[in-house]
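Got the viewer open and a hand on the mouse? Let's take a walk through this one, stop by stop, selecting residues as we go.

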Amino acid sequence: MHLSITVLGTTTCTPEKDANTASFVVDRRVAVDTGWYFTDRLLACGINPLDIEAVVFTHCHHDHILGLPQLVFYYGIQGSERPKRPLRIYGPAGEIRRVVDDAQRFLQFDRYPELRFGIEVTELRGGAELDIGGLRVRTCSARHSVPGLCYRFENAAGASVVFSGDTAFNPDLIDLARGAGLLVHEASYGARSVREDGKWGHSGAPDAAEAARQAGVRRLAIVHCAQAKLAEALEAAKATFPASFVPAQGEELQASPNG
């Protein structure tokens, strides 16, 4: 049984024309970050926003959370059409609860009680293991300028996908991704290797490829890279890890137990 990954966006913190920042949906029901244009991209991909059962955040920088108020508002205005279950939101401990509270404050839940509905927030730390939407989820800490997490999703058949979020070259991520069917890894620095980015906590395509090679994953998707840098970034990644590719916005990828 395969695991589907819908690509809502692939670009960097400032999206370009017709492009959304890096965000994804696993099995059409668990979101990984919300980018800038979350509900718009869901609808464009044929996903009902009310089908999103949970959102996991790699970290709480603006380009990864700006779409959350859109989803919360969409849920809010549906009234009796809303699912009876709560919307579950996961993210780094000490960060995610403030983001969710701020989204509700921005939407003025105090003035518009008809928008209110059940939201459950779970704070996570690196090393957490849990079930989200029937999927086994494991985490490790990212190496970024704010607290962040890398996630591995695996279904009952053993199909798996790993999301790096924003991180510098990360040995813990290599361990987390060991043998995964797909690694979705950022390449903010394009074709340039920045093996130790202590200030900003980002990677280049060669760093992503080396992580994929060491982890023994089957495929590597390069994301969070500016459009102008993509061709060179992909070439640099393939030099180390030939099974590298750049996913298209709106594409549905698949990871299966045998790759």
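Is H144 buried or exposed? Select H144 and switch on a surface to have a look. With a relative accessibility of 14%, H144 counts as buried, because the cut-off for that label is under 20%. Keep in mind throughout that you are looking at a predicted model.

**Stop one: around H144**

To get your bearings, find β8 (135-141) and β9 (149-154): H144 sits in the loop between them. Now show side chains. The side chain of H144 makes a polar contact of 3.2 Å with the side chain of H61. Then draw a distance to the backbone of G201: the H144 side chain comes to 2.8 Å from the backbone oxygen there.

Next, bring up the rest of the surroundings. Setting aside neighbours within four places in sequence, the contacts of H144 are H59, H61, D166, W200, G201 and H202. So you can colour H61 and G201 separately, as the H144 side chain has a polar contact with H61 and reaches the backbone oxygen of G201.

**Stop two: aromatic rings**

Now hide that set and show the Phe, Tyr and Trp rings. How many aromatic pairs does the structure hold? There are five. Start with F24 and F163, which make a tilted pair with 5.2 Å from centre to centre and 40° between the planes. This pair ties together distant parts of the chain: F24 belongs to strand β2 (residues 23-26) and F163 to strand β10 (residues 160-163), 139 residues apart. Put a surface on and both partners count as buried, F24 with a relative accessible area of 6% and F163 with 2%.

For another pair, jump to W36 and Y37. These rings are also tilted, at 6.1 Å centre to centre with 50° between the planes. Here the surface tells another story: W36 is partly exposed at 30% relative accessible area, and Y37 is partly exposed at 35%.

Back to F24 and F163: add Y151 and F153 to the selection. Ring pairs join F24, Y151, F153 and F163 into a cluster.

**Stop three: the nonpolar cores**

Stay with those Phe residues and widen the view. Which residues have the most contacts inside the largest nonpolar core? They are F24, F153, F163 and L182, in a core of 30 residues. Click F153 to see what surrounds that ring: not counting residues up to four places away in sequence, F153 touches L3, V26, V30, V32, V56, L135, R136, V137, A159, S160, V161 and F163. There is also a second, separate core of 29 residues, and L42, I65, L68 and Y75 are among its members.

**Stop four: S160**

S160 was on the contact list of F153, and it makes a good next selection. You'll find S160 in strand β10, where it is buried with a relative accessible area of 2%. Show R152 too: the side chains of S160 and R152 make a polar contact at 3.3 Å. Beyond neighbours within four places in sequence, S160 is in contact with L3, R152, F153, E154, G179, A180, G181, L182 and A255. Notice that L182 turns up here as well as in the largest nonpolar core.

**Stop five: salt bridges**

Last, colour by charge. Side chains of opposite charge can pair when their charged atoms come close. In this model the count is eleven salt bridges. A few to click on:

- R88 and E120: their side chains meet at 3.4 Å, N to O. The two sit in distant parts of the chain, R88 in strand β5 (residues 87-92) and E120 in strand β6 (residues 119-124), 32 residues apart. R88 is partly exposed at 31% relative accessibility, and E120 is partly exposed at 40%.
- R29 and D27: the closest N and O atoms are 3.5 Å apart.
- D102 and R105: here the closest N and O atoms are 2.4 Å apart. Both residues lie in helix α4 (residues 96-106), three residues apart, or about one turn of the helix. D102 is partly exposed at 31% relative accessibility, while R105 is exposed at 57%.

Before you close the viewer, add R98 to that last selection: R98, D102 and R105 are linked in a network of salt bridges.

Methods:
Residues are numbered from 1 along each chain as its sequence is written. This is a predicted model: local features need pLDDT of at least 70, side-chain atom pairs count only at pLDDT 80 or more; totals for chains, interfaces and linings use all residues. Side-chain values use heavy atoms; hydrogens and water are left out. Helices (H or I, at least four residues) and strands (E, at least two) are DSSP runs, numbered from the N terminus. Buried means under 20% relative accessible area, exposed over 50%, partly exposed in between (1.4 Å probe, protein chains only). A polar contact is a pair of N or O atoms within 3.5 Å; within protein, one must be able to donate a hydrogen and the other to accept it, and residues adjacent in sequence count only if both atoms are side-chain atoms. Contact means heavy atoms within 4.5 Å. Rings of Phe, Tyr and Trp (its six-membered ring) pair if their centres lie within 6.5 Å; planes under 30 degrees apart count as stacked, over 60 as edge-to-face and the rest as tilted. A nonpolar core is a set of buried Ala, Val, Leu, Ile, Met, Phe, Trp, Tyr and Cys residues joined through side-chain atoms within 4.5 Å. A salt bridge is a side-chain nitrogen of Lys or Arg within 4 Å of a carboxyl oxygen of Asp or Glu.
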